[in-house]
Amino acid sequence: MATNFLNLWILARVAQAAVSTGLCLAGAILGLRLVRRWQAGQSSEQQLALERQAELVASVMQVALILEVLGLGLSVLVSDHLVGGIRGAMCAFGVLASTRTGFYGLLASSLSAAACGLWVVLHRFDLRLQTPVLTRRKFAWLLPVGALALGDLALVVTFAWQLDFKVIASCCSVWVDAAVVHNSPVVQLLAPVPAGLLGVGAAGAAALAAAVVARQPGSAAAWAASGLSAVGPVAVLPAVLGVVAPHVLGTPTHLCPFCLFHLQGGGLGWPLFGSLFLGSVTGMGLGVVELNRKAAGDPAAVAAFEKVLGRWSAAGWLGVLVCGAFPVARYWLQSGGVSVFGKV
Amino acid sequence: MKADRPIMVRAIGLTKRYPAGRGEKTALREVSLAIPRGEFWIVNGPSGSGKTTLLGLLAGMIAPTCGEVQLDGRAITHWRDHHRALVRRHLVGMVFQEFALVPGMSLEENVFLPLVPQGGPDRAGRERGRALLERFGMAAFADTPVERLSAGERQRGAIIRALVTDAPILLLDEPTAALDTENVRILLELLLGLRAEGRTILATTHDRRLAEDPRVDGVLSLVDGALEP
Amino acid sequence: MKRQLALIRFALGSARRRAGRSFALAVALGLVTFALSAVLFLTEALRREFRLAAAALPDLTVQQLAAGRPALIAETHRASIAALPGVVSVQPRVWGYYFVPSLSGNFTVVGVETGSETVRRDLSLVMLKGRLPRPGASGEVVMGEALATFLGLDLDDAITLPVGRAEKRLQLVGLFRSEVALWTADVILMSLADAREFLQVPPGQATDLAVRLSTPDEATVAARKIAELLPGARIVDRQLKTRTYDLTFDTRGGLLGAMLLPALVAFLVLAWDRLTGVGPGERREIGVLKATGWRTSDVLLARLWENTLIGLYGAGPGILAAYLYVFHARAPGLAGVLLGWSTLYPALRLTPAVDASQVLVLGCLVVLPFVAASLVPAWRAATRDPHGLLRGTA
């Protein structure tokens, strides 16, 4: 409903999405104009001017990245704020679930932020090269990034429009209960032991692979780290829901990831998902570098940059492991060794 | 010219043309020069002869229409804009006509300006800057806004800024333009001292006090964009 | 990180060097931020106050309807409702509105069991001066400060008010604390017997029945069962009230905010105009930076930081001023808009309810658009050729 946009919180989220989408689109349009006139290898005054404008595009995209990441946080905060207006909603989950596009919007925001992050990785790599051989393809990649940002904005606006404060929403436990009743495989995946093992394994493997690249960059190691970082978020999610959330919230059936952002949960969601984003985007960035290795034609620059990315990715995945292990360890200590799940 | 010294500044067939009205104006024609390390050279010529354009090309600020520039053996002509800036950060220190100090900032802030994008002066940079201020007799003016300094003081401040990155090459554009005879003498002594440290210096001027000094290593004459034989 | 800090220090210096422009932009931004912040803080504080108060409300309130309007409900229904599973207690309540012609408005009469220790203990927490009506005493009342002031009463003063064809003398024995003025500004508290007499509610009848449940989340289920027992009754659940107030404050705050948006747009236009004009001094400064080894991205970042700092310099005081305006000065002018029409406005003493997420929302509404609007002017400055800038030809 149009009146939803009168809510200052919703307006802030829409404003943020509009600004970041505007920047992405402006970057894409400017970039395409530059590509048409680009003459790599030339050193004319015109080419130098184009290169300066190209730096503008890159700066705009870096600001857009910051805004996209901000948008992810704002999505959670705004949805949480709207809980009071939707019956049955206990946290952001209920608010997002009350519309058809809530979760799709969150997914789109995540993908858009990741796309911006990967583009910035490509840009930083391009800057390390003596000649701007990657600039054309870098600007060409702005098209899908801009499209994703536009999709994100569309879903944010649609979500805001679809919000109906007369509906009755559900808490995540209703979904979980339904999954249990129907014997859904999702429930088996959320069981503590398999979820925990999968999560630790995925995050640990990603961290290890990134650390190997940071120490000894190479094509095989970089591809491995990139692949592990790409699947890592999906693999880690069951552990976040099935193990971390119950230990943070103190209830074996409370599997809500959004409640992790609340103060009652120590706000663990922020460093946990922040580390996850950092680790996975910089890890996937290794794949971006490998994809452009041949075109770059500078093995020394490739190796140097992969070391940097490997360090950041390893730090991110280590952060995920620490944020995941901390509440489990704390609960065990405080409970004197009693499991939150009772008999495991 | 000492034959066994490596060439720090080399220009090969540098030409620069600008659009002018319906046609073009040629600011430089086929200029070639080679300045060995640790030498002090002058490019002498009247106003409009292309001296500032030559320095701009050598510092990588502008691109030639054709020709090549090599600094410390590295051809920078085809470098991208991003890396050309690094030339001015690490290879070349420039002193501009009218000094180009930023008004409203103190002398010390102006001196450390080139180091800001690197995270500001580190310990070595700070010590180097302070030592230069002392050496050039400007330590007492470190906190003075530059607009309150005399022409000679500003000139020395500009030279200190050009040296703070410890760049091996120093390019000066009309360094004596606003100076009286005494300050020209002081400037010359400073430049000769820098040469003695092994820096390569190229100054453009139409000031005969500088061009006719017997202690410079070489003088090139630039007239209408071309070097006279 | 070191690079960013160095650029921020430089940006601070730049903002100081262009003090006039920076100040103008910061002041304009501060005013816009102040207005939006005041609306947001007041809205959030009122929501919080209501949520706190709502915790004490009954889970369900059962009212009898007659011809679609609330009517008195028989106390005999208490037993049948109490017998429902999940119902912990059912209390009949006697309260209502009393119209005073001189006020041209209503105030709220609430009857309480003055003999109940629990009630006396709970009420003593919200008393300010005086005492509660004595058990069994008649004509003793407690009032909100605003109402007492309006009627010109002080403690122990008396007033006579018409009740039907007769009159009733009421003596003011206590005043509610100002912290709860939001809820008690127009309330007169008296004994149940006095309230029945005042509101002409006969024995065996009540204004409504307050129902407490063992599991408040099952309010919908309980409400359905009560509706089956009492067709024609209106059952209001607490969550509905809470949501209604939430949405009401959100909508009112949003309307106010929307009215401020043109001011924000005007500010952004001003910012664009001021920032686009890069004077010769500034152009030369950029030329010097680029000629001394600054890259285009360095210059652009420095400009962005400068504008962000101006944004923060403006927004910070604006937010602080709004905080003081709402929580210390009690939001004169604005409070009435958000609280709605009333003859008696309470002295608004709200507990500050400002958190980081509200500051973030304000940042997204004001600072973000300002920094984005400054990007193009910053770009124009950063992408010029250094040689031309120094010579004055670019």
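**Exercises on chains A, B and C**

In chain C, 81% of the contacts with a separation of 6 or more are made by residues that stand 24 or more positions apart, a contact being a pair of residues whose C-beta atoms, placed from the backbone, lie within 7 Å. The model is predicted, and accordingly local features are given at a pLDDT of at least 70 and side-chain atom pairs at pLDDT 80 or more, whereas totals for chains, interfaces and linings use all residues. Residues are numbered from 1 along each chain as its sequence is written, while chains are lettered from A and ligands numbered from 1 in the order in which they are written.

**Exercise 1. The two domains of chain A**

Describe how chain A is divided into domains, and state which elements supply the side of domain 1 that touches domain 2.

*Solution.* Begin with the bounds, which come from an automatic or database domain assignment: domain 1 of chain A covers 1-170, and domain 2 covers 172-344. Taken over C-alpha atoms, the centres of these two domains of chain A are separated by 23 Å. Next, count the participants: domain 1 of chain A brings 17 residues to the contact and domain 2 of chain A brings 22. On the side of domain 1, two or more residues each come from helix H2 (45-81), helix H3 (92-97) and helix H4 (102-128) of chain A, where helices (H or I, at least four residues) and strands (E, at least two) are DSSP runs numbered from the N terminus. The largest share of that side, seven residues, belongs to H4(A). Finally, sort by character: this side of domain 1 of chain A holds 13 nonpolar residues, three polar and one charged, with Ala, Val, Leu, Ile, Met, Phe, Trp, Tyr, Cys and Pro counted as nonpolar, Asp, Glu, Lys and Arg as charged, and the others, Gly among them, as polar.

**Exercise 2. Chain C against chain B**

Work out which helices of chain C each supply at least two residues of the side that touches chain B, and how the residues of that side divide by character.

*Solution.* The contact draws 22 residues from chain C and 25 residues from chain B. Helix H1 (2-17), helix H10 (280-291), helix H11 (296-327) and helix H15 (386-391) of chain C each contribute at least two residues to the side of chain C. Of these, H1(C) gives the largest share, seven residues. By character, the side of chain C that touches chain B comprises eight nonpolar, five polar and nine charged residues.

**Exercise 3. The nonpolar cores**

Identify the residues of the largest nonpolar core that touch the most other members, and find what C:Ala38 touches.

*Solution.* A nonpolar core is a set of buried Ala, Val, Leu, Ile, Met, Phe, Trp, Tyr and Cys residues joined through C-beta atoms within 7 Å; a residue is buried if 20 or more other C-beta atoms lie within 10 Å of its own, exposed if 12 or fewer, and partly exposed in between, with C-beta atoms placed from the backbone. The largest core has 233 residues, and those that touch the most other members are A:Ala225, A:Ala245, B:Leu171, C:Ala38 and C:Val366. With 18 residues, H2(A) gives the most to this core. Leaving aside residues up to four places away in sequence, C:Ala38 touches C:Ala322, C:Tyr325, C:Val326, C:Ala331 and C:Leu334. Apart from the largest core lies another, of 40 residues, including C:Val90, C:Met143, C:Ala148 and C:Leu189.

**Exercise 4. The two sides of H4(B)**

Explain why the buried residues of H4(B) are on the same side, and name the exposed residues on the other side.

*Solution.* Helix H4 of chain B (residues 123-135) has 13 residues and reaches 18 Å from its first C-alpha to its last, close to the expected 18 Å, the expected span being 1.5 Å times one less than the number of residues. The buried residues of H4(B) are B:Gly129, B:Leu132 and B:Leu133. They lie on the same side of H4(B) because they cover an arc of only 100° around the axis, the arc being that of the directions from the helix axis to the C-beta atoms. The cover over the buried residues of H4(B) includes helix H3 (107-111) and helix H5 (151-163) of chain B. On the other side of H4(B), B:Arg123, B:Ala124, B:Glu127 and B:Glu134 are exposed; B:Arg123 counts as exposed because it has 7 other C-beta atoms within 10 Å.

**Exercise 5. Positive phi in chain B**

Where is B:Glu174 found, and is B:Glu174 buried or exposed?

*Solution.* Most residues other than glycine have a negative phi. B:Glu174, although not a glycine, has a positive phi of about 50°. B:Glu174 is found in the loop between strand S7 (169-173) and helix H6 (181-196) of chain B, and is buried, with 20 other C-beta atoms within 10 Å.

Methods: Contact = placed C-beta atoms within 7 Å.
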